[in-house]
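Visitor: I have a structure on screen and no idea where to begin. How do I read it?

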Amino acid sequence: MPAATAAKEEFVLEVHHRLSEVYGRQISYFHDLDPLSELVSALLSHRTKNRDSGQAFKNLMAVFGNWEAVCDAPLAEVQAAIHPCTWPEQKAPRIQQVLHLIGERHGSLTLDFLSDMPVADARKWLEDLPGVGPKSSAAVLSFSNMRAKALPVDSHHFRVAVRLGIIEAKIGEGKANRVLENLLPPDFTAQEMYDNHQVMMRHGQQICHHYKPECSRCVLLDLCPTGQQLVNKAV
Ligand code: SF4
C-alpha cells in the first residue's frame with residue numbers, strides 16, 4: 001500500500017476516534033424498515049428535511065397500505081400523498097417507475113433478497129435502478145433492517161471530509177461514498193461504519209457548519225488545514 005494511502009487511513013481513523021468520543025459509539029439506528037421501504041424513504045429524502053420526507057412516507061403508508069398499491073395507483077394520488085416533500089411532481093413518477101422495475105426484474109415487490117447477495121452485488125443491483133446512486137444504495141443496505149456494511153455520505157459528511165483534506169471537493173458526493181468507505185479499516189463492523197457516517201454527519205451539523213464553522217470549539221482543529229487557516233485569519 002502506498003505510504004500516502006496508509007497515512008490517510010491512519011488520519012481517517014484518528015478523526016473517527018476523536019468524533020466518537022464526542023458523539024458516541026454503537027449509535028442507535030434511526031430506522032428499522034425493510035430494504036424496499038428504506039429505498040422509497042431514500043427517494044423521498046433527496047434535498048428534503050427529514051421531518052417532511054418522514055411525513056410523506058407516512059402518508060404513502062396511510063393512503064395505500066403497501067407498495068403494490070402505490071405502484072398501481074393513479075400518479076396524481078401518489079403525488080398528492082407525498083406533497084410534504086420537495087418536488088412531488090418528480091418524485092411520484094420516479095417512485096412508481098422504480099417499483100415497476102423491481103417487480104419486473106425480481107418478480108415481486110420486495111428487496112429482501114439483497115441480504116443473500118454480497119454487499120457489492122447488492123449495491124450494483126440497486127444502482128442499476130433509475131435515480132439510485134451510491135448514497136442511496138449505501139443507505140438502503142446500512143439503514144434498513146439488513147444492517148449491512150456500507151457508508152452513506154451526505155452533504156455534511158462530505159463537507160467535513162473536504163475541509164479536513166481527506167478528499168478533494170471536485171470528486172463530488174457520489175464518488176466520495178466509496179472513496180471514504182475504502183479509507184476505513186477493512187475489519188470495521190457494519191455498526192462501526194454506521195457510527196462513522198453518524199459522527200461525521202453530526203459534526204457537520206453541529207460544529208463544522210456550511211457557513212461559519214466553529215473551529216475554535218472543534219476537537220479536530222489541530223488536524224484540520226481549513227480550520228488552521230480560518231483561525232489564523234481571524235487572529
Ligand atoms: S477545524 Fe473547523 S473546518 Fe476543520 S473540521 Fe473543525 S469545524 Fe470544520
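Guide: We will go from the whole chain to single residues. Keep in mind that this is a predicted model.

Visitor: How confident is the predictor, taking the mean pLDDT of the chain?

Guide: The mean pLDDT is 95. Of the residues in the chain, 99% reach 70 or more. Then look element by element. The lowest mean belongs to α12, at 91. The highest belongs to α11, at 98.

Visitor: Next, the secondary structure. How many helices and strands does the chain have?

Guide: The chain has 12 helices and 0 strands. Its pattern along the sequence is therefore one α after another: α-α-α-α-α-α-α-α-α-α-α-α.

Visitor: What should I know when I look at a helix?

Guide: An α-helix has 3.6 residues a turn, so residues three or four places apart point the same way. Try that on any helix you pick.

Visitor: What does the radius of gyration say about the chain?

Guide: Compare it with the value for a compact globule. For 235 residues that value is near 18 Å, and the chain has 19 Å, which agrees. You can also look at the spans along the principal axes. The C-alpha trace covers about 60 × 35 × 30 Å.

Visitor: How much of the chain is buried?

Guide: Of the 235 residues, 35% count as buried. Contacts add to the picture. Take those between residues at least 6 apart in sequence: 62% of them join residues at least 24 apart.

Visitor: Which domains does the assignment give?

Guide: It gives two entries. Domain 1 takes 3–26 + 152–234, and domain 2 takes 35–143. Their centres, over C-alpha atoms, are separated by 28 Å.

Visitor: How many residues are in contact between domain 1 and domain 2?

Guide: On the domain 1 side there are 10, and they touch 6 residues of domain 2. Helices α10 (172–183) and α11 (190–206) each supply at least two residues of that domain 1 side. The most come from α10, with 4 residues. By class, this side has 5 nonpolar, 2 polar and 3 charged residues.

Visitor: Which helix should I look at for burial?

Guide: Try α8 (134–143). It is mostly covered, with 10 of its 10 residues buried. Among them are P134, K135, L141 and F143. The buried residues of α8 pack against α2 (35–45), α7 (119–127), α10 and α11.

Visitor: Now the ligand. Which residues are closest to it?

Guide: The closest are C208, C215, C218, C224 and G227. In total, 14 residues surround the ligand. Helices α9 (155–163) and α12 (225–234) each supply at least two residues of this shell. The shell divides into 10 nonpolar, 2 polar and 2 charged residues.

Visitor: What is there to see in the backbone angles?

Guide: Look for positive phi in residues other than glycine. R147 is one such residue, with phi near 50 degrees. K212 is another, also near 50 degrees.

Visitor: Where are R147 and K212?

Guide: R147 is in the loop between α8 and α9. K212 is in the loop between α11 and α12.

Visitor: Why does R147 count as partly exposed, and why does K212 count as exposed?

Guide: Count C-beta neighbours inside 10 Å. A residue with 12 or fewer is exposed, and one with 20 or more is buried. R147 has 15, so it counts as partly exposed. K212 has 8, so it counts as exposed.

How values were computed:
Residues are numbered from 1 along each chain as its sequence is written. This is a predicted model: local features need pLDDT of at least 70, side-chain atom pairs count only at pLDDT 80 or more; totals for chains, interfaces and linings use all residues. A residue is near a molecule or strand if its C-beta atom, placed from the backbone, lies within 6 Å of it. Ala, Val, Leu, Ile, Met, Phe, Trp, Tyr, Cys and Pro count as nonpolar, Asp, Glu, Lys and Arg as charged, and the others, Gly among them, as polar. Domain bounds come from an automatic or database domain assignment. Two residues are in contact if their C-beta atoms, placed from the backbone, lie within 7 Å. The radius of gyration is taken over C-alpha atoms; the globule rule is 2.2 Å times the number of residues to the power 0.38. pLDDT is the predictor's confidence in each residue, from 0 to 100.
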